[in-house]
Amino acid sequence: MAEYGFGNPEIIEEEVDILIIGGGMAACGAAFEIGKWVKASGGNLKIKLVDKAAMSRSGAVAQGLSAINTYIGENDPADYVRYVRNDLMGIIREDLVYDVGRHVDDSVHNFEDWGLPIWKAKGDEDKPLRQGGKPVRSGKWQIMINGESYKWIVAEAAKNALGMENIEERVFIVRLINDKNDPTRVAAAAGFSVRDHKLYLYKFKCCLLVCGGAVNVFRPRSIGEGMGRAWYPVWNAGSTYSMAAEAGAEMTMMENRFVPARFKDGYGPVGAWFLLFKAQVMNGFGEDYNKLRGDVIKDEKRFGKYGQGVPGTCLRNHIMLEEMIAGRGPIMMDTPAAMAKLAEKMTPKEVKHLEAEAWEDFLDMTISQCGIWAGENIEPEKTPSEIMPTEPYLLGSHSGCAGIWVSGPTDLPGVPKEWSWGYRSMTTVKGLFTSGDGVGASGHKFSSGSFAEGRIAAKAMVKFALDNKDWKPTLERSTMDLVEEIYRPVRTFLEHKDYTTAIDVNPHYITPKMLQYRLQKLMDEYVAGVGTFYRTNGKLLEMAEKKLEMLKEDSLKMRAKDLHELLRAWENYHRIIAAEAHMKHIQFREETRYPGFYYRMDYNFIDDENWKCFVNSTYDRHTGKWAIKKVPYVQVIK
Ligand code: SFD
Ligand code: AMP
């Protein structure tokens with residue numbers, strides 16, 4: 001054992017009032033906000049934050065961003081709701097979206113106060129947003145930033161507010177533990193250090209589960225060494241969805257996914273190019289295919305009323321996919337034409353600045369795209385760049401709405417009573433809160449909205465913790481039982497490693513990497529990945545269902561030869577549960593709600609009559625079964 005650095009792990013048990021799991025945008029929002037409410041209530045609560053990575057560069061914003069995609073400013077939050085509803089094909093929790101809309105700007109103002117450079121309109125360069133400074137808007141809701149250090153800046157504020165002594169970095173949380181006396185409640189979280197041989201067990205009154213979305217569930221387009229690259233962060237592995245589902249939380253809209261159009265291979269985002277630089281995309285013959293083919297979404301039988309107005313993100317994809325499937329690729333972003341047009345009214349100095357901005361957009365956010373440009377001799381002012389729809393991602397904060405069903409605000413008129421059960425942002429499991437990518441049916445929050453949602457949850461958690469001051473967590477599982485489970489992959493390895501002479505080839509175990517390939521292949525081929533141009537049907541899903549069940553069984557045979565593999569093993573387990581939820585929801589929803597993101601070829605149309613509703617599910621960890629139901633959609637904002 002010692003040869004591999006594994007004896008029994010040191011066990012660190014701690015009891016806190018509130019645990020924040022994750023260190024991303026939502027977690028930082030909560031960390032920043034929470035002390036204020038503890039102080040205001042006169043209470044004395046112990047708060048802890050635990051992140052699998054180092055907060056200053058963890059989560060989706062690790063590499064920085066070039067825009068803040070949700071800033072309401074001069075707009076009306078009700079209009080923001082209309083925009084999100086349109087983009088997400090009519091089905092969102094409007095109470096949640098409105099709540100983010102009315103609160104988000106203060107967070108953006110804070111970011112600026114903390115040093116984040118926000119682009120300003122001419123004449124307003126030195127005027128902060130808070131004092132009415134006019135931002136440079138790329139779109140109606142988006143503002144431009146110099147955001148290479150965005151996460152660093154936000155994490156610093158969170159750390160200062162919470163204190164480093166209350167933050168544990170590089171601890172991967174594996175699972176939540178329900179309360180022994182009340183199984184509808186969470187009482188603890190267990191995980192392990194990815195650096196030291198230590199198991200952590202945190203008992204709490206409530207927790208905020210904010211581990212981001214799920215990436216690398218599907219076979220990515222990148223191969224070989226490039227597999228470390230995807231658009232959304234590869235290090236977010238569906239931990240939010242799987243841990244919540246296993247604790248019994250009701251999930252919502254897990255059929256939804258996001259398939260962004262991105263600069264091919266480097267995964268550079270397109271927003272700035274479309275909205276700020278006003279670039280056009282064309283097919284392989286230089287034709288504007290949106291003009292040629294844009295009308296396909298006007299077919300009411302297939303797309304209902306959704307193709308009539310401003311097309312949502314999935315419908316924009318749909319038009320592009322039609323072009324690709326017709327063999328008229330590659331799809332090219334005409335960066336030279338856009339830049340030439342902008343340069344018409346510019347001085348040579350301003351043109352140079354524009355060229356620098358084109359590079360900086362990616363240097364601030366997806367550096368790999370600059371690698372592609374440099375490596376392929378692409379100068380964006382001279383050479384167009386290829387655009388490609390990526391592999392699917394499960395997320396609830398960007399242009400998607402997969403996630404967990406949470407309690408909403410109580411002060412909005414017209415909201416069904418059953419959408420609120422006491423504590424804002426709490427899931428259907430007592431003491432389990434979420435925000436950001438964790439919240440379902442409420443997309444388009446982006447970085448700023450996720451941070452704001454973390455703040456909203458923080459306030460409610462303080463109330464929950466104080467209301468439950470005298471409650472003591474009792475765990476339904478023993479610490480030794482958790483050690484056994486969490487380190488099972490290590491034991492499997494140590495027990496069987498000498499059976500063969502090749503360490504990776506062994507009938508008694510599967511390496512996490514191989515298991516991940518299996519999951520990705522399965523999801524790609526049966527659950528509408530890139531390999532089938534995002535198409536599936538009931539029969540394919542039936543196959544996927546069986547294969548996923550077997551994969552879940554085999555996941556117990558994953559090996560870990562070091563702590564890094566132990567991390568990979570548990571990430572994959574989380575991915576499998578998230579993948580299963582996604583598959584089951586797609587199977588349940590007998591229509592194609594998001595053409596361009598996925599197609600149920602046996603129900604290849606939007607069916608508002610039967611399916612303009614939420615799809616919610618719960619998972620029973622003991623039986624491994626899902627219960628899925630329809631929940632009525634209610635329009636709150638006219
Ligand atoms: O260009 C565990 N996003 C954009 N938002 C914007 O506002 N503007 C943009 O420009 C955006 N674009 C963009 C964006 C993301 C990415 C990757 C790119 C481009 C390339 C979206 C936002 O970043 C996103 O909405 C928020 O960050 C979501 O916040 P949150 O808190 O839900 O997730 P997170 O920030 O990824 O944090 C997750 C944290 O969890 C940790 N973690 N910790 C312990 N145990 C486990 N098991 C854990 N699993 C994960 C992570 O380390 C992390 O700290 S653009 O495309 O439009
Ligand atoms: P992206 O870079 O694709 O993540 O987009 C950033 C922001 O711009 C998001 O709010 C998108 O919804 C929006 N966006 C991107 N492309 C377009 C487009 N062609 N039309 C309208 N909005 C867009």
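Which polar backbone atom is 3.4 Å from an oxygen atom of ligand 2? The tour answers this at its first stop. The model on display is a predicted one.

**First stop: ligand 2**

Please select ligand 2 together with Val 270. An oxygen atom of the ligand is 3.4 Å from a polar backbone atom of Val 270, and this answers the opening question. Next, add Arg 262 to the selection. One of the polar side-chain atoms of Arg 262 lies 2.7 Å from an oxygen atom of ligand 2. Arg 316 may then be added, since its side chain has an N or O atom 3.4 Å from a nitrogen atom of ligand 2. Of the 480 Å² that ligand 2 exposes when taken alone, the protein buries 82%.

The selection may now be widened to the whole shell. Ligand 2 is surrounded by 13 residues, and the closest are Gln 142, Arg 262, Gly 271, Leu 275 and His 398. By class, the shell consists of six nonpolar, five polar and two charged residues. Helix 6, which covers residues 271-276, contributes the most to this shell, with three residues.

**Second stop: ligand 1**

Please move to ligand 1 and display its surroundings. Here 38 residues form the shell, the closest being Asp 51, Ala 67, Asn 236, Ser 397 and Ser 447. The shell comprises 19 nonpolar, 15 polar and four charged residues.

Three backbone positions are worth selecting in turn. At Ala 67, a backbone N or O atom lies 2.7 Å from a nitrogen atom of ligand 1. At Ala 60, a backbone N or O atom lies 2.8 Å from an oxygen atom of the ligand. At Val 210, a polar backbone atom is 3.4 Å from an oxygen atom of ligand 1. Ligand 1 on its own has 1100 Å² of accessible area, and the protein covers 97% of it.

To see which elements build this shell, colour helix 1 (25-40), strand 4 (65-68), strand 7 (171-178), helix 5 (239-246) and helix 13 (446-467); each of them supplies at least two residues.

**Third stop: helix 5**

Please keep helix 5 selected. How many of its eight residues are buried? The count is eight of eight, and the helix is mostly covered. Among the buried residues are Ser 239, Tyr 241, Met 243 and Glu 246. Helix 5 is followed by Gly 248, which has a positive phi, near 100°.

**Fourth stop: Lys 445**

Please select Lys 445, in the loop between strand 17 (432-434) and helix 13. Is Lys 445 buried or exposed? With a relative accessible area of 1%, Lys 445 is buried. Beyond its neighbours within four places in sequence, Lys 445 is in contact with residues including Thr 70, Tyr 80, Ser 397, Ser 450 and Glu 453. Ser 397 has already appeared on this tour, as one of the closest residues to ligand 1.

**Fifth stop: Arg 93**

Please go on to Arg 93, in the loop between helix 2 (77-87) and helix 3 (94-113). Arg 93 counts as buried because its relative accessibility is 0%, the cut-off for buried being under 20%. Its side chain makes a polar contact of 2.9 Å with the side chain of Asp 95. The side chain of Arg 93 also reaches the backbone oxygen of Val 406, at 2.9 Å. Leaving out residues up to four places away in sequence, Arg 93 touches Trp 405, Val 406, Ser 407, Gly 408, Trp 419, Ala 441 and Phe 614.

**Sixth stop: Glu 168**

Please select strand 6 (residues 167-169), where Glu 168 is found. Glu 168 counts as partly exposed, at 22% relative accessibility. Its contacts outside the four nearest places in sequence are Lys 48, Leu 49, Val 50, Asp 51, Tyr 200 and Tyr 202. For a view across the model, add Tyr 306: the C-alpha atoms of Glu 168 and Tyr 306 are separated by 46 Å, and the two residues are 138 residues apart along the chain.

**Last stop: the nonpolar cores**

In soluble globular proteins, nonpolar side chains tend to be buried together. In this model, the largest nonpolar core has 156 residues, and Ile 21, Leu 176, Phe 192, Trp 273 and Leu 432 have the most contacts inside it. Helix 18 (residues 563-588) provides the largest share of this core, 13 residues. Apart from this core lies another, of 47 residues, among them Cys 28, Met 55, Ile 167 and Ala 457.

Finally, please centre the view on Ile 21. Its contacts beyond four places in sequence include Val 50, Ile 173, Leu 176, Ala 189 and Val 210.

Notes:
Residues are numbered from 1 along each chain as its sequence is written. Chains are lettered from A and ligands numbered from 1 in the order in which they are written. This is a predicted model: local features need pLDDT of at least 70, side-chain atom pairs count only at pLDDT 80 or more; totals for chains, interfaces and linings use all residues. Side-chain values use heavy atoms; hydrogens and water are left out. A nonpolar core is a set of buried Ala, Val, Leu, Ile, Met, Phe, Trp, Tyr and Cys residues joined through side-chain atoms within 4.5 Å. Buried means under 20% relative accessible area, exposed over 50%, partly exposed in between (1.4 Å probe, protein chains only). Helices (H or I, at least four residues) and strands (E, at least two) are DSSP runs, numbered from the N terminus. Contact means heavy atoms within 4.5 Å. A residue is near a molecule or strand if one of its heavy atoms lies within 4 Å of it. A polar contact is a pair of N or O atoms within 3.5 Å; within protein, one must be able to donate a hydrogen and the other to accept it, and residues adjacent in sequence count only if both atoms are side-chain atoms. Accessible areas come from the Shrake-Rupley method with a 1.4 Å probe; for residues, only the protein chains shown count as cover. Ala, Val, Leu, Ile, Met, Phe, Trp, Tyr, Cys and Pro count as nonpolar, Asp, Glu, Lys and Arg as charged, and the others, Gly among them, as polar.
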